[in-house]
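Please examine the structure shown below and follow the explanation with the sequence at hand. The discussion begins with a single element and then turns to the chain as a whole and to some of its loops.

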Amino acid sequence: MKVALLTGGGDCPGLNAVIRAVVRTIHNAGGECVGLLEGWRGAIQGNAIPLKAQETDEIIARGGTILGSSRTNPYKNKEESVPRLKDSFQRLGLTALVAIGGDDTLGVAKRLYEEENFPVVGVPKTIDNDLSCTDFTFGFDTSINIVMEAVDRLRTTAESHRRVMVIETMGRHAGWIACFAGIATAADFTLIPEVEVDVEAMCEVLLKRRAAGKPYGLIIVSEGAKLPEQDVVTHDAELDDFGHVKLGGIGDTIADVIQRRTGIETRAVTLGHLQRGGPPSAYDRVLGTRLGIHAARLVIEKKFGQMVALRGLKIVSYPLAEAVGTMRTLDLEFMREAEEFYKNV
Ligand code: F6P
């Protein structure tokens with residue numbers, strides 16, 4: 001048994017925990033592992049490195065991915081890339097692939113399984129927490145803790161200057177990061193893609209609280225939130241290999257609106273890729289480890305075309321066909337709870 005691993009899409013804390021766990025479980029079953037470098041790009045090029053249980057033991061504490069990542073999509077140029085990918089697989093003598101990634105990476109895994117009968121198992125990852133069939137994705141917990149620490153720091157400078165700080169978070173078109181960060185930091189208001197932005201309500205809360213003696217304000221805005229009648233704010237018109245826009249900039253727009261409407265000096269901070277960097281939290285190390293063990297077990301049992309997932313306290317699996325293709329937006333129950341704090345003084 002010779003199992004390949006790859007990590008695709010945006011990196012996220014906890015990827016190395018998955019790699020370590022797959023390698024260890026396959027090793028315990030008498031097999032060996034190799035890592036394909038930089039996502040599907042390495043799979044197409046056949047660019048592989050050996051992965052040994054002993055050598056990967058300490059990577060659990062490292063952020064990012066030791067394999068590198070990319071947003072390469074073999075189906076963008078299917079006629080050339082898919083046969084090359086299959087050739088590389090054969091040349092390297094591989095018997096199975098564990099693909100660790102978000103909806104794009106796992107979407108490729110699903111097509112390879114369905115169209116090429118490719119022996120693949122998927123592991124869901126993203127800081128955005130927007131994948132179907134799993135309660136949480138690893139990376140999300142680390143990410144919201146990074147946002148929380150940053151906002152705790154921004155609070156003191158906001159208070160000193162009697163300003164409003166607008167903090168823009170990642171999350172794509174789902175408000176998980178923003179909503180959880182808003183609750184954890186006692187924000188005055190949180191703006192997410194799933195709920196129409198109510199500028200008036202936000203400004204009213206800021207003004208009421210100022211009048212009642214709170215001299216500063218904290219607003220969390222998800223990068224995918226948008227003003228009514230406007231489109232999402234993007235860095236530029238360029239799309240990635242999977243056709244996604246590069247979100248970013250709504251924080252500045254919201255800061256302008258607040259300053260104009262309330263007269264309160266307002267600044268915007270975009271946390272950007274800081275949210276994906278550094279060592280994973282204990283929760284993400286444990287979740288990544290458990291998912292990795294179960295993905296390897298599926299490989300050993302030759303149960304391909306599946307994605308491992310967290311359901312309650314258990315690690316289960318779903319067919320990739322069921323798991324990919326539908327973005328899981330924020331469960332609005334969380335927002336309704338958060339909103340108790342977004343009204344009155
Ligand atoms: O999907 C994860 C994510 O971090 C999003 O939250 C964000 O919009 C995007 O990736 C950024 O991607 P990149 O690293 O390509 O700029």
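In this predicted model, helix α9 covers residues 282-300, a run of 19 residues. At 1.5 Å a residue, such a helix should span 27 Å, and its end C-alpha atoms are indeed 27 Å apart, so the expected and the computed span agree. Which residues of α9 are buried? They are Asp284, Leu287, Gly288, Thr289, Leu291, Gly292, Ala295, Ala296, Leu298 and Val299. Just after α9 comes Lys302, whose phi is positive, at about 60°.

Helix α9 is part of a chain with eleven helices and 13 strands. The radius of gyration of this chain is 22 Å, close to the 20 Å that the globule rule gives for 345 residues, so the chain is as compact as a globular protein of that length. Along the principal axes, the C-alpha atoms fill a box of roughly 70 × 40 × 30 Å. Of the 345 residues, 53% are buried. Among contacts with a separation of 6 or more, 75% join residues that are 24 or more positions apart.

The surface and the charges may be considered next. The accessible surface of the chain amounts to about 14900 Å², and carbon and sulfur atoms contribute 48% of it. There are 40 positive and 46 negative side chains, and the centres of these two sets lie 4 Å apart.

The loops also deserve attention. Gly249 is placed in the loop between β10 (245-247) and α8 (250-262). Leaving aside residues up to four places away in sequence, Gly249 touches Glu168 and Val233. Its C-alpha atom is separated by 11 Å from that of Met170, although the two residues are 79 residues apart along the chain.

Backbone angles provide a further point of interest. Most residues other than glycine have a negative phi. Asn117, however, has a positive phi near 55°. This residue is found in the loop between α4 (103-116) and β5 (120-124). Is Asn117 buried or exposed? Because a residue over 50% relative accessible area is termed exposed, Asn117, at 61% relative accessibility, counts as exposed.

Glu229 likewise is not a glycine and has a positive phi, of about 70°. Glu229 lies in the loop between β8 (217-222) and β9 (234-239). With a relative accessible area of 83%, Glu229 is exposed.

Key:
Residues are numbered from 1 along each chain as its sequence is written. This is a predicted model: local features need pLDDT of at least 70, side-chain atom pairs count only at pLDDT 80 or more; totals for chains, interfaces and linings use all residues. Side-chain values use heavy atoms; hydrogens and water are left out. Helices (H or I, at least four residues) and strands (E, at least two) are DSSP runs, numbered from the N terminus. The radius of gyration is taken over C-alpha atoms; the globule rule is 2.2 Å times the number of residues to the power 0.38. Buried means under 20% relative accessible area, exposed over 50%, partly exposed in between (1.4 Å probe, protein chains only). Contact means heavy atoms within 4.5 Å. Accessible areas come from the Shrake-Rupley method with a 1.4 Å probe; for residues, only the protein chains shown count as cover. Lys and Arg count as positive and Asp and Glu as negative; His and the chain ends are not counted. The place of a charge is taken as NZ of Lys, CZ of Arg, CG of Asp or CD of Glu. The expected span of a helix is 1.5 Å times one less than its number of residues.
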